[in-house]
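Subject: Structure for you to look at

Dear colleague,

I am handing over the structure we spoke about, with the sequence alongside. Please open it first, and then read the notes that follow.

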Amino acid sequence: MRVALIGNGAMGHMVAAEAHKRGDEIGVVITSADKDLTIDQLADKLRGHDAAIDFSSGDAVLKNIEAVVRTQVPLVEGTTGWKDKEAEAKQIVSEHNGALVYGANFSIGVNLFYRLTEHAANLFAAVEGYDPFIEEAHHNRKKDLPSGTALKLREIMSEHFAGNISTASTRAGHIPGTHRIGFDSEPDQVLLTHTARSRQGFASGALVAAHWIIGRTGMFEFSQVIDEILKRRSP
């Protein structure tokens with residue numbers, strides 16, 4: 001698979017390293033030096049790849065999506081902080097008959113954590129006396145707050161608990177990412193935690209999604225990729 005990378009920061013470097021391990025080829029790398037390119041100029045750079053992976057910035061997502069889908073190259077959108085533009089992104093993908101996978105978090109472990117969260121919320125909502133909460137922590141360069149993953153966890157838990165679910169965020173140092181959900185009562189507290197040891201899990205998941213999206217059209221959440229993987233492994 002020949003991959004175009006959009007974004008040359010820490011995640012871009014990690015995706016490139018993981019791609020080389022897996023035998024995938026990195027083609028063009030779009031960096032901050034390309035930020036003034038027009039959509040057509042950007043599209044010209046992206047043509048001829050099997051897939052593109054974007055880990056850039058939230059304010060560049062719509063431009064990147066439009067440039068990629070114009071080339072009929074499928075896109076994995078790993079950038080967060082653009083949820084308010086999701087409807088516009090879907091329209092762009094649909095107009096160009098493109099293909100895109102997006103998600104709040106491309107870690108396989110986090111996506112399994114979502115499923116644990118749904119099950120736990122269902123259990124604790126069935127009994128009285130437990131209040132749900134969410135805590136998340138990331139490095140001090142992460143701009144969106146709460147994280148996209150925390151928002152997804154809150155969305156999942158809100159299906160079982162009424163009212164606002166307390167969500168606390170920390171931005172400090174070099175924390176790759178920690179997410180914790182809890183259920184607190186007068187006699188006890190139950191915690192479930194996912195801690196990222198590095199960005200490797202996000203890069204691996206993005207490459208899994210890139211292989212999956214080739215040959216498809218439409219806009220998909222990464223959870224759909226995970227669903228298919230789990231179905232394949234079911235007895």
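In strand β5 (residues 99–102), Ala99 and Val101 point to one side while Leu100 and Tyr102 point to the other, and all of them are buried. Please keep in mind while reading that this is a predicted model.

Strand β5 is a convenient place to start, since its partners can be followed outwards. Strand β4 (residues 75–77) pairs with β5 in the parallel sense over three bridges, and within that pairing leucine 75 stands opposite leucine 100. Strand β10 (residues 218–221) also pairs with β5 in the parallel sense, here over four bridges, with glutamate 221 of β10 as the bridge partner of tyrosine 102. The connection from β4 to β5 involves helix α4 (residues 86–95), and the three elements together make a right-handed β-α-β unit.

These strands belong to an open sheet of six, in the order β2-β1-β3-β4-β5-β10, in which the pairing is parallel. Because β2 (25–30) and β10 stand at the edges with a single partner strand each, one side of each is left without a neighbour in the sheet. On average, and ignoring direction, neighbouring strands of this sheet are turned by 20° against each other. Further along the order, strand β3 (residues 51–54) pairs with β4 in the parallel sense over three bridges, and aspartate 54 has glutamate 77 in β4 as its bridge partner. Helix α4 packs on this sheet, where it touches β5 and β10, and its direction makes about 140° with that of β10. Helix α7 (residues 200–213), for its part, lies across β3, β4, β5 and β10, running at about 155° to β5.

There is also an open sheet of four strands, in the order β7-β6-β8-β9, and its pairing is mixed. Here β7 (166–171) and β9 (189–195) are at the edges, each with a single partner strand, so one side of each lacks a neighbour in the sheet. Neighbouring strands of this four-stranded sheet are turned by 15° against each other on average, direction ignored. Strands β6 (residues 131–138) and β8 (residues 178–184) run antiparallel and are joined by seven bridges, and one feature to look for is aspartate 131, whose bridge partner in β8 is aspartate 184. Helix α5 (residues 108–125) lies across β8 and β9, running at about 170° to β9.

Within strand β8 you will find glycine 182, which counts as buried because its relative accessibility is 0%. Apart from neighbours within four places in sequence, glycine 182 is in contact with Asp131, Pro132, Phe133, Met157, Val190 and Leu191. Between glycine 182 and valine 15 there are 32 Å in space, C-alpha to C-alpha, and the two are 167 residues apart in sequence.

Finally, there is a helix pair to examine. The axes of helix α2 (residues 39–46) and helix α3 (residues 61–70) come within 8 Å and cross at roughly 55°, which means that α2 is oblique to α3. The crossing of α2 past α3 is right-handed, and the contact is made by Ile39, Asp40, Leu42, Ala43 and Leu46 of α2 together with Lys63, Asn64, Glu66, Ala67, Val68 and Arg70 of α3.

With best regards

Note on methods. Residues are numbered from 1 along each chain as its sequence is written. This is a predicted model: local features need pLDDT of at least 70, side-chain atom pairs count only at pLDDT 80 or more; totals for chains, interfaces and linings use all residues. Side-chain values use heavy atoms; hydrogens and water are left out. Two strands pair if DSSP finds at least two bridges between them. Helices (H or I, at least four residues) and strands (E, at least two) are DSSP runs, numbered from the N terminus. Axes are lines fitted to C-alpha atoms, for helices over the stretch in contact, and angles run from 0 to 180 degrees between N-to-C directions. Contact means heavy atoms within 4.5 Å. Buried means under 20% relative accessible area, exposed over 50%, partly exposed in between (1.4 Å probe, protein chains only). A crossover is right-handed if, with the strands pointing away from the viewer, the path from the first strand over the helix to the second runs clockwise. Angles under 35 degrees count as roughly parallel, over 145 as roughly antiparallel, 65 to 115 as roughly perpendicular and the rest as oblique. A crossing is left-handed if the near helix is turned anticlockwise from the far one by less than a right angle, and right-handed if clockwise.
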